[in-house]
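The following exercises concern sheet topology and charged contacts. Each task is followed by a worked solution.

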Amino acid sequence: MSQIKVNSIIPTGGVASGQGGGIVQVSTGYTRTFTDTTSTSYVDIGGLTVNHTPLSASNKLLIVAKIQHLVIEIGTYEGSAKFQILQDSTMLSQIESRAKDYGQSGMRDCTSAVIEAFVTAGTTSQVTIKVQMKMLQGNVISVNPANESASETDSDESMITVMEVSA
C-alpha cells in the first residue's frame, strides 16, 4: 500500500488571506551560447528573457539571474560590467561586476554575477522579464566564455528564474 504524506499543498490560486508564501508558479530561461558586447548602453542577453503571466496581481515575483561572464580589459585598470533586470520597460534591479581577463598571460577569471529582485506582480497580464548588460570599463564583456569554441570541454550556463509567491 502506498502513502503520500505532505505538510501542506498550496493551491495554484494561493493560500487563504494572511497565509501567503507558497510558490505557485515558476518560469525559467537559460543560455549556454557564447556572446559578447562592447556596448556602453544596455543590450539584451539572449536566452535570459522570460514571459510570465502572474496568477494574482497581489502575488510577489522573486527573480534570480546568474550570468557567467568575463570582462576583457587591456591596460592596468580593472574591467567592470553592469547587469540589470527589467520587467517590461521598468528596471527592477542592477548590479556591477568585475571579472578580469589578465591580458596576454591568457589567465581568465570568469565569475558569476547573481542579481535578484523581489517585487509585487501588480498585474495578471503577461509581463516580459529580461536581463541586460553593458560595459562600464574595459574592452568587451563575454557571457558564457567557456563556450566560445566548440572544442571547449567546460560548459558555462547563464540563467534566469521567476518564482511567483502567493500573497
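**Exercise 1. Sheet order**

What is the order of the strands in the open sheet of 4 strands, and is the pairing parallel or antiparallel? Which strands stand at the edges?

*Solution.* The model under study is predicted.

Step 1. Reading across the open sheet gives the order β3-β9-β5-β6, and the pairing is antiparallel.

Step 2. The edge positions belong to β3 (43–52) and β6 (90–97); each has a single partner strand, so one side of each lacks a neighbour in the sheet.

Step 3. Direction ignored, neighbouring strands of this sheet are turned by 20 degrees against each other on average.

**Exercise 2. The β5–β6 hairpin**

Determine how many bridges join β5 to β6, and state which residue of the hairpin takes a positive phi.

*Solution.*

Step 1. Strand β5 comprises residues 80–87 and is joined to β6 by 7 bridges, the two strands running antiparallel.

Step 2. Individual partners fix the register: Q84 has Q94 in β6 as its bridge partner, and Q87 stands opposite T90 in β6.

Step 3. The hairpin has 2 residues between the strands, and D88 adopts a positive phi near 55 degrees.

**Exercise 3. Salt bridges**

How many salt bridges does the structure hold? For each, identify the partners and where they lie in the chain.

*Solution.*

Step 1. The structure holds 2 salt bridges. As background, side chains of opposite charge can pair when their charged atoms come close.

Step 2. One of them joins E157 to R32, with 3.2 Å between the closest N and O atoms. This pair links distant parts of the chain, 125 residues apart: E157 lies in the loop between β10 (140–143) and β11 (158–165), and R32 in the loop between β1 (23–31) and β2 (35–37).

Step 3. In the other, K130 pairs with D44, and the closest N and O atoms are 3.3 Å apart. Here too distant parts of the chain are linked: K130 belongs to strand β9 (residues 127–137) and D44 to strand β3, 86 residues apart. Strands β3 and β9 are adjacent in the sheet order β3-β9-β5-β6.

**Exercise 4. Accessibility of the charged partners**

Classify E157, R32, K130 and D44 as buried, partly exposed or exposed.

*Solution.*

Step 1. The cut-offs are under 20% relative accessible area for buried and over 50% for exposed, with partly exposed in between.

Step 2. E157, at 24%, is therefore partly exposed, and R32, at 48%, is also partly exposed.

Step 3. K130 has a relative accessible area of 19% and is therefore buried, whereas D44, at 42%, is partly exposed.

Technical notes:
Residues are numbered from 1 along each chain as its sequence is written. This is a predicted model: local features need pLDDT of at least 70, side-chain atom pairs count only at pLDDT 80 or more; totals for chains, interfaces and linings use all residues. Side-chain values use heavy atoms; hydrogens and water are left out. Two strands pair if DSSP finds at least two bridges between them. Axes are lines fitted to C-alpha atoms, for helices over the stretch in contact, and angles run from 0 to 180 degrees between N-to-C directions. A salt bridge is a side-chain nitrogen of Lys or Arg within 4 Å of a carboxyl oxygen of Asp or Glu. Buried means under 20% relative accessible area, exposed over 50%, partly exposed in between (1.4 Å probe, protein chains only).
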